[in-house]
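I opened this notebook to record what I looked up about the pockets and about one pair of helices.

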Amino acid sequence: MSTTPSSTTYFAGSSTFAAQLQQTITHAVSAASAPLQQLQTQQTTLTGQQTELQTISTDFTSIQAAVDSLTSSTGVGAFSASVDDNTIASASVGAGVMAGTYSLDILSIGSQTNAVSTGSLTKVADPTTSNIDSGTSFTLTVNGTNYSISDSGGTLSGLAQAINSSSANVQASVVNVGSGSSPDYRLSLQSLSYAPDTIQLGDANNSSLLSTISTGSNVTYQVNGQPSTPISSNTRSATLSTGLNVQFLKTGTTQITVSQSASGIESALSSFANAYNSIMTELNKNRGQGGGALAGDSIVYQLQNALTSLANFSGGSGAVQSLSAIGLSFDSSGNLSFDSGTFSATASSNPNDVLNFIGTATSGGFLQTANSMITSVTDPTTGIIAGDNSTIASQLTTIGTKITTDQAQVSQLQTTLTAQMATADATISSLQNQLTEVTDLFAQMQTNERLATA
């Protein structure tokens, strides 16, 4: 901004009219700067609007956080599974789980097949330097399926690693069946399934290198007494119901209860009310005479209408068809308040109606409407705030360019006028000096005449 005070000195004048000449420059520069000052005032106003939009955008993140919390509290996170005897089984929940009670009877925990290299093979004192067989190519057979095993290093440790790197459903290890002073390392294989698996390892001569120590057996169990013939499985984990996963620990009977907690929903609804009131308070600062930076901007009314529409959302069926049924309602001051007592009563008596009303982010209900509204406001490309910000940024760019141009013109005017006034001052000063000299000359002549006639 270039506002030039009247006291500014543009040149060192020497004539008696120097002050008037400088004042002429000051008035001209001031008049030329007036439009520039208006542009800078507009620039300040627009920058203030940008700052306020950022504040509102930040407030909307609180709304989004509350909605996200509500989403998670009505999903898997709202459910938990408890086991009466957690030494018999453990349980966890996943997508699609439903509240319910399950009686689990584990009849057999099952076992794995174990095999070890025979004692007639080469005795291995150091598994990192020698092997039970002189070959480097072997065939591992598991339940009739062959796997090619290659151990180019020719060591027992390398053979175990090669087996573990194959796709065979077994685990290989090296065990010492001798003493510390006289070690006897053997290859030990264990099936990964709880089933009567068969395991054998053959060398290039088709010699059998393993002997079976124990043959595995299946896990067997019943759920709620069904079916009459126990379920047989080759793993100690099972899905008893959609989203209910159980790990078998030992034989026995226990009960598993899947329950849904409403505390997460209650907390999320309370947070939503607080976030709603916070952003409404901020928007109200920008209304009416003396309002904030966005006073008179239509975006204030757009955002208030969007939020009010969300708070008045209706849908669902049964006992819950509006937010007021789950404790969210407007008080006498126009603020959104949350009544935990109303929510608890409704959630206890009509839990499914509550969940149907809240819905999900993609399949209807309050959550889908809330996410849609928030996206329409905060989307960085198509959102209402982004659109307003883009308009302001464009205006600021235009004004900034105009200010730069006008500033240059004012500076040029000032330079030109200063040069012109300096020239005029010099001319006037020269003429004044000449006048003084002529006046002094006539005065001297008159003095001389008086002296001559005296």
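I began with the second largest pocket of this predicted model, whose lining I found to be made of 14 residues, with Gln260, Ala347, Pro351, Asn352 and Leu355 lying nearest its centre. Two elements, α5 (340-349) and α6, each give two or more residues to that lining, and the largest share, 4 residues, comes from α6. I noted a volume of about 210 Å³ for the second largest pocket, and I saw that its lining divides into 11 nonpolar, 3 polar and no charged residues.

I then turned to the largest pocket, which holds about 280 Å³ of space. Its lining has 16 residues, and Thr74, Gly75, Leu355, Gly359 and Thr360 are the closest to its centre. At least two lining residues come from each of α1 (18-74) and α6 (351-358), and the largest share, 3 residues, is again from α6. By class I wrote down 6 nonpolar, 10 polar and no charged residues for this lining.

Last, I looked up how helix α3 (residues 263-284) and helix α4 (residues 298-311) are placed, and found that their axes come within 10 Å and cross at roughly 155 degrees. Angles over 145 degrees count as roughly antiparallel, and α3 and α4 are therefore roughly antiparallel to each other. I recorded their crossing as left-handed. Where the two helices meet, the α3 side includes Phe272, Tyr276 and Met280, while the α4 side includes Val300, Leu303 and Leu307. By class, I noted 10 nonpolar, 3 polar and no charged residues in the contact of α3 with α4.

Conventions:
Residues numbered from 1 in each chain as written. Predicted model: local features only at pLDDT ≥ 70, side-chain atom pairs only at ≥ 80, totals over all residues. Heavy atoms only, no water. Axes fitted to C-alpha atoms, helices over the stretch in contact; angles between N-to-C directions. Parallel < 35°, antiparallel > 145°, perpendicular 65-115°, else oblique. Left-handed = near helix turned anticlockwise from the far one by under 90°. Contact = heavy atoms within 4.5 Å. Nonpolar A, V, L, I, M, F, W, Y, C, P; charged D, E, K, R; others polar. 1 Å grid on protein atoms, 1.4 Å probe; cavity = no way out; pocket = protein on both sides within 12 Å on 5 of 7 lines; lining within 4 Å. Points joined across faces, edges and corners; volume = space filled by probe spheres on them.
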